[in-house]
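I opened the model to record its fold, its cross-link and the way its helices meet. My notes follow in the order in which I looked things up.

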Amino acid sequence: MNVTVLGIGGDSVCATDQATTVGAGKNPFPDDIRPAPGAAVTLDAHPRYCTDDPSALQGLLSAAHALGPLVYFVGALVLAVRLIRGAERQGLYTVQTAGRLRVLGWWMLGGSVFAAVTSSVTETSIAASLSRDGGVLAASGLWMWDIPFTAIFAGLGLLTFARVMRIGAGMREDLAGTV
């Protein structure tokens, strides 16, 4: 029985070269798209390189490709649970709850971008290692990543709401001191 955990121990490793586009009018197998020995390529809008015998580096890159988004998601989930439990214990309009919300907002903002960039770079690095002529540049993953607009706007919204909550907590403390 073959067990795969985050791409480690798997039979194959695949990666799509997002920087190269194969059009309908082009030769089905352009000269610059050649798989390395032991690898295969399928063409759709972008060439997809696969190998059934990945090297240790390719297995590690495949694991890193899956690990980045997983760490981001688990981190966001842990921070959200921490926020909810803290708000249940201490109340909603407290400085601590606003601080936890701010941390979650920064995690959503920065973590989503970091996860997207690392995922893109690792996938491009795998494609570069499976390309014969090196036409795929691993560094192209730095400018070919998909911008996680939803997570960025959610993070900015959480940061804004954290500021509102911090101001509300200050007003609550002032009101409690007056009464």
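Entry 1: terms and overview. I take a helix to be a DSSP run of H or I with at least four residues, and I number helices from the N terminus. I note at the outset that this is a predicted model. I counted 3 helices and 3 strands in the protein chain. Reading along the sequence, I found the order β-β-β-α-α-α. I also looked up burial for the chain as a whole: 37% of its 179 residues count as buried.

Entry 2: helix 1. I located helix 1 at residues 56-90, a run of 35 residues. From its first C-alpha to its last I recorded 49 Å, which is close to the 51 Å expected at 1.5 Å a residue. Where does helix 1 bend? I found a bend of about 30° at L67. I noted that a proline, P69, follows within four residues of that point.

Entry 3: the end of helix 1. I asked which residue follows helix 1, and it is G91. The phi of G91 is positive, near 105°. I placed G91 in the loop between helix 1 and helix 2. Is G91 buried or exposed? I read a relative accessibility of 19% for G91, and residues under 20% count as buried, so G91 belongs to the buried class. I then checked a partner far away in sequence: G91 and A169 are 78 residues apart along the chain, yet their C-alpha atoms are 9.9 Å apart in space.

Entry 4: contacts between helix 1 and what follows. I found L83 in helix 1, and L83 is buried at a relative accessible area of 14%. Between the C-alpha atoms of L83 and R100 I recorded 5.6 Å, although 17 residues of sequence separate the two. I next turned to A98, which lies in helix 2. A98 is buried, with a relative accessible area of 0%. A98 and A87 are 11 residues apart in sequence, and I recorded 9.2 Å between their C-alpha atoms.

Entry 5: helix 2 against helix 3. I compared helix 2 (residues 95-130) with helix 3 (residues 149-178) and found that they pack with their axes 8 Å apart. The angle between them is about 165°. Angles over 145 degrees count as roughly antiparallel, so I entered helix 2 as roughly antiparallel to helix 3. I recorded the crossing of helix 2 past helix 3 as left-handed.

Entry 6: the disulfide. How many disulfides does the structure hold? I found 1. I remind myself that a disulfide is a covalent bond between the sulfur atoms of two cysteines. The pair is C14 and C50, with sulfur atoms 2.1 Å apart. About the S-S bond I read 120°, and the link of C14 and C50 is right-handed. I then asked which parts the pair of C14 and C50 ties together. C14 lies in strand 1 (residues 13-16) and C50 in strand 3 (residues 47-51), so the link joins parts that are 36 residues apart in sequence. I closed the entry with accessibility: C14 is partly exposed at 30% relative accessible area, and C50 counts as partly exposed at 23%.

Definitions and conventions. Residues numbered from 1 in each chain as written. Predicted model: local features only at pLDDT ≥ 70, side-chain atom pairs only at ≥ 80, totals over all residues. Heavy atoms only, no water. Helix = DSSP H or I, 4+ residues; strand = E, 2+ residues; numbered from the N terminus. Expected span 1.5 Å × (residues − 1). Bend = angle between axes of the 7 residues up to and from the residue. Disulfide = S-S within 2.5 Å. Buried < 20%, exposed > 50% of the residue type's maximum accessible area, 1.4 Å probe, protein only. Axes fitted to C-alpha atoms, helices over the stretch in contact; angles between N-to-C directions. Parallel < 35°, antiparallel > 145°, perpendicular 65-115°, else oblique. Left-handed = near helix turned anticlockwise from the far one by under 90°.
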